[in-house]
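Subject: Structure handover

Hello,

Here is the structure you will be working on. Please open it first, then read the notes below it.

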Amino acid sequence: MYAILDIETTGGKYNEEGITEIAIYKFDGEKVVDQFISLINPERPIQPFVVGLTGINNEMLRNAPKFYEVAKRIVEITEDCIIVAHNAKFDYRILRTEFKRLGFEFQRKSLCTVELSKKLIPDMPSYSLGKLVRALGIPLSDRHRANGDAQATVKLFKMLLAKDTKKDILKDNVRQEPKRQLDSKLVYILDDLPAITGIYYLHDEDGEIIYIGKSKNIKKRINQHFTNDHAKAREMQKKVSSVSYESTGNELIALLRENQEIKNNKPKYNRALKKHIFTHGLYHYTDNDGYINFKISKARSAKNCITTFSSLRSAKNTLSKWIEEYELCGRISGEQPGSGSCFNYTIKSCHGACIGKESPIDYNARVMQLIEKYSYTNQNMLVIDRGRDVDEKSALLIEDGKFKGVGYYNLNHQINNLDIIKSIITPMTNDRDAQHIIQSYLRRNKKLKIVQFQ
């Protein structure tokens with residue numbers, strides 16, 4: 001659990017500042033579960049330049065609560081939480097100073113989004129909150145006011161969690177969570193899980209990830225893990241100390257994240273992905289008469305591969321549908337052996353390419369439509385899908401035919417600017433498994449929005 005906060009102060013000499021405004025959002029890694037926002041009477045004058053910066057003046061704070069009146073609420077909302085702030089050293093120091101004046105030792109673990117951003121989003125021109133979120137397309141209102149800055153920091157931190165492919169932030173948070181007794185822990189874990197689409201992590205008592213999975217219903221899938229009677233499942237149940245999860249909003253990103261993170265983290269109980277998740281591919285070549293032919297064969301690295309399939313049956317069934325959809329020749333497409341006219345010609349769904357009645361130019365034009373639709377070779381495009389929240393969309397970036405990564409956005413203008421797109425995208429590995437996952441998903445989900453760009 002995280003307490004994402006921002007503090008405005010009076011300014012002045014080091015350790016003599018007072019808090020004028022505070023905003024705290026309790027964040028579980030997916031959503032805000034509690035919040036506290038208040039002006040505070042610092043019982044000391046505000047420096048003139050600070051008044052000009054924040055707009056908060058002494059008169060506004062005359063009837064505001066003093067720090068001792070809100071201290072209990074701050075302790076409660078930050079309990080068992082990691083403090084997250086932009087320039088956390090400053091905010092955490094100010095909080096501790098205020099509590100010391102009351103004779104209370106306030107201690108929490110802290111995370112700085114400035115440092116995290118430098119690590120996970122390198123080479124940005126500036127890491128000040130205002131300039132950074134503007135470059136990332138994150139909306140920011142009421143700059144230099146606690147609530148506006150804290151809300152922007154929540155959105156920034158959500159992006160940083162997604163970009164943390166090594167899951168260092170996640171594992172540190174799990175270690176911070178209070179431990180439960182073995183006999184009741186599985187029940188408590190299930191109670192806290194949502195029925196959402198995403199990726200989940202099973203952790204041992206040291207916070208290490210021992211299993212990674214994905215599901216369209218995380219709660220249901222974890223319940224299956226905990227009720228499985230197989231020997232390996234029972235062994236894993238004994239090792240599980242906690243479960244964390246991340247909503248992905250849609251199955252495509254969940255599949256891609258699972259594929260990459262299992263390979264990166266190599267959890268103990270995940271079956272090693274030594275073999276590719278696809279077995280066959282559809283390839284094209286041009287015959288001596290100039291017609292583009294298709295051939296299904298075992299998957300291999302080749303430039304003439306259109307798409308891949310998880311089985312031979314899947315490849316044959318899909319090709320058969322495409323031949324019908326694009327009115328192609330069953331013989332030239334490799335579905336029907338032999339010579340002469342194909343069966344499709346007899347039922348008038350083939351235009352006669354097999355017997356030379358249709359020219360290679362006309363026939364190949366329809367073939368190229370198929371290839372361009374189902375193979376993203378050399379294409380520049382964004383695949384738009386559901387996001388994690390109602391007002392959010394996901395974007396998958398393919399540039400020069402290569403899968404670059406995924407990200408999320410709230411405002412349409414973000415996808416109209418390639419520089420913003422690249423900054424919000426979490427880079428992912430462009431391996432053959434990822435290509436297969438994307439192509440298979442696009443075949444199954446034809447209503448997805450595709451945005452082409454130069």
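D149 has a relative accessibility of 3%, so this residue counts as buried, the cut-off being under 20%. Please keep in mind that the model is predicted. D149 forms a salt bridge with R143, and the closest N and O atoms of the pair are 3.0 Å apart. R143 is partly exposed, with a relative accessible area of 33%. Elsewhere, K167, E246, R257 and E261 are joined into one network by salt bridges that share partners.

In total, the structure holds 20 salt bridges. One of them is between R93 and E17, whose closest N and O atoms lie 3.0 Å apart. This pair links distant parts of the chain: R93 belongs to helix α3, E17 to the loop between β1 (2-9) and β2 (19-27), and 76 residues separate them. Both R93 and E17 are buried.

Helix α3 also contains the two partners of another salt bridge, E98 and R101. Their closest N and O atoms are 3.3 Å apart. The two residues are three positions apart in the helix, which means about one helical turn between them. E98 is buried at 8% relative accessible area, whereas R101 is partly exposed at 35%.

The loop between α3 (88-101) and β5 (110-112) holds F104. F104 is partly exposed, at 39% relative accessible area. Together with Y68 and L102, F104 makes a nonpolar surface patch of about 320 Å².

Next, the sheets. Strands of a sheet pair through backbone hydrogen bonds, either parallel or antiparallel. One open sheet has three strands in the order β10-β9-β11, with antiparallel pairing. β10 (292-298) and β11 (305-309) are at its edges with a single partner strand each, so one side of each has no neighbour in the sheet. From one strand to the next, the twist averages 25°. Strand β9 (residues 280-286) is joined to β11 by four bridges, and G281 has T308 in β11 as its bridge partner.

Another open sheet has five strands, ordered β15-β14-β13-β12-β16, and its pairing is antiparallel. Its edge strands, β15 (426-427) and β16 (449-452), each pair on one side only. Six bridges connect β12 (residues 381-386) with β13 (residues 393-399); M381 has I398 in β13 as its bridge partner.

Finally, is N259 in helix α11 (residues 251-265) buried or exposed? N259 is buried, at 6% relative accessibility. Its side chain makes a polar contact of 3.1 Å with the side chain of K263.

Regards

Note on methods. Residues numbered from 1 in each chain as written. Predicted model: local features only at pLDDT ≥ 70, side-chain atom pairs only at ≥ 80, totals over all residues. Heavy atoms only, no water. Patch = residues over 30% accessible without salt bridge, like charges linked within 9 Å, V, L, I, M, F, W, Y side chains within 5 Å. Areas by Shrake-Rupley, 256 points an atom, 1.4 Å probe, with all protein chains shown as cover. Salt bridge = Lys/Arg side-chain N within 4 Å of Asp/Glu carboxyl O. Buried < 20%, exposed > 50% of the residue type's maximum accessible area, 1.4 Å probe, protein only. Pairing = 2+ DSSP bridges. Axes fitted to C-alpha atoms, helices over the stretch in contact; angles between N-to-C directions. Polar contact = N/O pair within 3.5 Å; in protein donor to acceptor, adjacent residues only side chain to side chain.
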